[in-house]
Amino acid sequence: MKPPLAHLLLVATLAAAPSGLDSIVELLQQIDEPAFQADLLKGMREGLAGQKDVPPPKGWAQLAKQLAQSPSKKVREEATTLGLIFGDPTALESLKNTLAYKSANITERRKALQVLVARQASGLAPVLHQLLHEDPLRAEAIRGLAAYDHPETPARILAIHPDLPAAEKTLAIATLASRKPYARALLKALADGIVQRKEIDVPAGRQIEALNDPQATAALQKHWGVLQPPHKDKEKRITQYKAFLTPRNLAKADLRNGRRLYARSCAACHKLFGIGGEIGPDITGSDRRNLDYVLDNVLDPNGAVSKDYQLHTLVLKDGRVVTGMVAAENKRSLTVKSTAETLVLSKQDIEEHTILPVSMMPPGLFDALKENEVRDLVAYLATDQQVEL
């Protein structure tokens with residue numbers, strides 16, 4: 001059996017029922033080929049994704065010691081990650097030591113951080129607070145803090161927020177919108193001018209509303225705005241935009257500026273010419289050269305939302321709220337994608353799951369742009385090939 005096939009079979013089997021772990025451990029004890037071992041271990045890890053407190057299979061303790069001495073770095077890493085899933089305290093300490101050792105390879109530290117956060121290792125929040133001041137690991141630390149309810153987190157993030165690059169500001173807002181006390185601190189910072197209104201996007205606004213906290217909702221509406229339903233006068237607005245988006249005016253567009261506007265407003269969710277996110281559909285092959293098509297979708301993104309792109313709101317038992325698209329699901333877990341991260345959530349940790357018939361795309365995208373910017377963006381969307389910056 002070739003390793004890739006073994007991997008795929010394990011993922012499918014364990015997602016349905018992890019009862020075959022004993023047999024897999026027994027097989028691993030008989031194999032000495034590192035590539036095959038790594039693939040089997042990876043299959044076990046992915047098949048158990050989202051599960052917690054999984055009892056270690058028979059023979060795991062002995063196998064873990066054996067794999068820890070493997071000449072293959074990949075085998076050692078996969079074995080450590082699985083050990084954490086099985087509640088092995090040795091694996092936990094190993095990863096914490098790697099993360100704390102500042103002279104260690106940054107890739108290894110980042111992997112250790114990702115695994116520790118994914119397993120919600122206890123006592124990690126203070127460590128993440130310190131990592132907010134380490135540029136290479138700051139993004140992962142900001143993202144990871146959403147998993148922990150710690151009273152110092154909002155102040156720690158808001159203290160560095162003004163100096164963060166745009167991508168990390170998006171992560172910071174997503175983390176601060178994930179819990180009631182965090183959201184209250186975020187909205188106070190908005191009122192005080194520490195956070196700018198434009199830095200809080202529509203998905204974050206919906207996430208704050210999903211917290212069902214009257215104080216946070218009132219502050220959101222007062223200092224940020226109200227999440228409005230689709231414009232009732234869509235046809236009138238389409239007519240208004242078409243009045244100046246004429247072929248003659250579009251021919252004057254600055255396509256490079258259009259690409260910059262696309263990167264700022266659209267690329268987090270949509271892919272175009274192979275670049276961008278995968279939250280929304282790839283628009284490279286869409287009817288984007290058709291002005292009616294573009295205006296209809298931008299002015300009323302909630303008009304017709306495919307099931308694959310409906311917004312899911314999940315309230316976790318620890319008080320955190322997650323919003324995004326469900327990218328994958330099995331009997332035990334959900335994989336949720338947002339503009340900030342991809343999470344594998346155990347269904348046991350989900351208290352409430354709501355599917356909203358709305359898109360993550362903000363209905364007021366053009367409202368935030370000047371007339372010439374709308375022209376540049378629409379003209380860029382109609383191009384046949386990528387525009388050089």
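**Chatting through the loop, the sheet and the helices**

Student: Where does Leu-211 lie?

Tutor: In this predicted model, Leu-211 is in the loop between H13 and H14.

Student: Okay, and is Leu-211 buried or exposed?

Tutor: Leu-211 has a relative accessible area of 6%, so it counts as buried. The cut-off for buried is under 20%.

Student: What does Leu-211 touch, leaving out residues up to four places away in sequence?

Tutor: Leu-211 touches Ala-177, Ser-178, Arg-179, Lys-180, Ala-183 and Val-321.

Student: And what separates the C-alpha atoms of Leu-211 and Gly-319?

Tutor: Those C-alpha atoms are 8.6 Å apart, although 108 residues separate Leu-211 and Gly-319 along the chain.

Student: What about Asn-212, where is that one?

Tutor: Asn-212 also sits in the loop between helix H13 (202–210) and helix H14 (214–223). Its phi is near 55 degrees, a positive value in a residue other than glycine.

Student: Why bring up the sign of phi?

Tutor: Because most residues other than glycine have a negative phi.

Student: Fair. Is Asn-212 buried or exposed?

Tutor: With 58% relative accessibility, Asn-212 counts as exposed.

Student: Which residue in the loop between S1 and S2 should I look at?

Tutor: Try Phe-273, which is found in the loop between strand S1 (271–272) and strand S2 (275–276). Phe-273 has a positive phi near 55 degrees, and it isn't a glycine. At 22% relative accessibility, Phe-273 counts as partly exposed.

Student: Let's go back to Gly-319. Where is it?

Tutor: Gly-319 is in the turn of the hairpin formed by S3 and S4, which has four residues between the strands. The phi of Gly-319 is positive, about 95 degrees.

Student: How many bridges join S3 to S4?

Tutor: Four bridges join strand S3 (residues 311–316) to strand S4 (residues 321–329), and the two run antiparallel. For example, Thr-313 has Thr-323 in S4 as its bridge partner.

Student: And what comes after S4, how does S4 join S5?

Tutor: Through a hairpin of three residues. S4 and strand S5 (residues 333–337) run antiparallel with four bridges between them. Glu-329 stands opposite Leu-334 in S5.

Student: What order do the strands take in the sheet?

Tutor: The order is S6-S5-S4-S3-S7, in an open sheet of five strands with antiparallel pairing. At the edges are strand S6 (342–346) and strand S7 (350–356), each pairing on one side only. On average, neighbouring strands are turned by 40 degrees against each other, direction ignored.

Student: How many bridges do S3 and S7 pair over?

Tutor: Six, in the antiparallel sense. Thr-313 turns up again here, with Thr-354 as its bridge partner in S7.

Student: Which helix packs on this sheet?

Tutor: H13 does, and it touches S3 and S4. The direction of H13 makes about 110 degrees with that of S4.

Student: Switching to helix pairs. At what angle do H10 and H12 pack?

Tutor: Helix H10 (residues 153–160) and helix H12 (residues 180–191) pack at about 35 degrees, and their axes are 9 Å apart. The crossing of H10 with H12 is right-handed.

Student: Which residues make the contact?

Tutor: From H10 there are Thr-153, Pro-154 and Leu-158, and from H12 there are Pro-181, Tyr-182, Ala-185, Leu-186 and Ala-189. By class, that's seven nonpolar, one polar and no charged residues.

Student: And at what angle do H5 and H7 cross?

Tutor: Helix H5 (residues 73–85) and helix H7 (residues 106–118) cross at roughly 25 degrees, with axes that come within 10 Å. H5 and H7 are therefore roughly parallel, as angles under 35 degrees count that way. Their crossing is right-handed.

Student: Which residues meet there?

Tutor: Lys-73, Glu-77, Thr-81 and Leu-84 in H5 meet Glu-108, Lys-111, Val-115 and Leu-116 in H7. They divide into three nonpolar, one polar and four charged.

Student: Last one: how many residues of H19 are buried?

Tutor: Nine of the 11 residues in helix H19 (residues 371–381) are buried, so H19 is mostly covered. Among the buried ones are Arg-375, Leu-377 and Tyr-380.

Student: What covers the buried residues of H19?

Tutor: The cover includes helix H15 (234–244), helix H16 (247–250), helix H17 (255–265), S1 and helix H18 (291–299).

Terms used. Residues numbered from 1 in each chain as written. Predicted model: local features only at pLDDT ≥ 70, side-chain atom pairs only at ≥ 80, totals over all residues. Heavy atoms only, no water. Axes fitted to C-alpha atoms, helices over the stretch in contact; angles between N-to-C directions. Parallel < 35°, antiparallel > 145°, perpendicular 65-115°, else oblique. Left-handed = near helix turned anticlockwise from the far one by under 90°. Contact = heavy atoms within 4.5 Å. Nonpolar A, V, L, I, M, F, W, Y, C, P; charged D, E, K, R; others polar. Pairing = 2+ DSSP bridges. Buried < 20%, exposed > 50% of the residue type's maximum accessible area, 1.4 Å probe, protein only.
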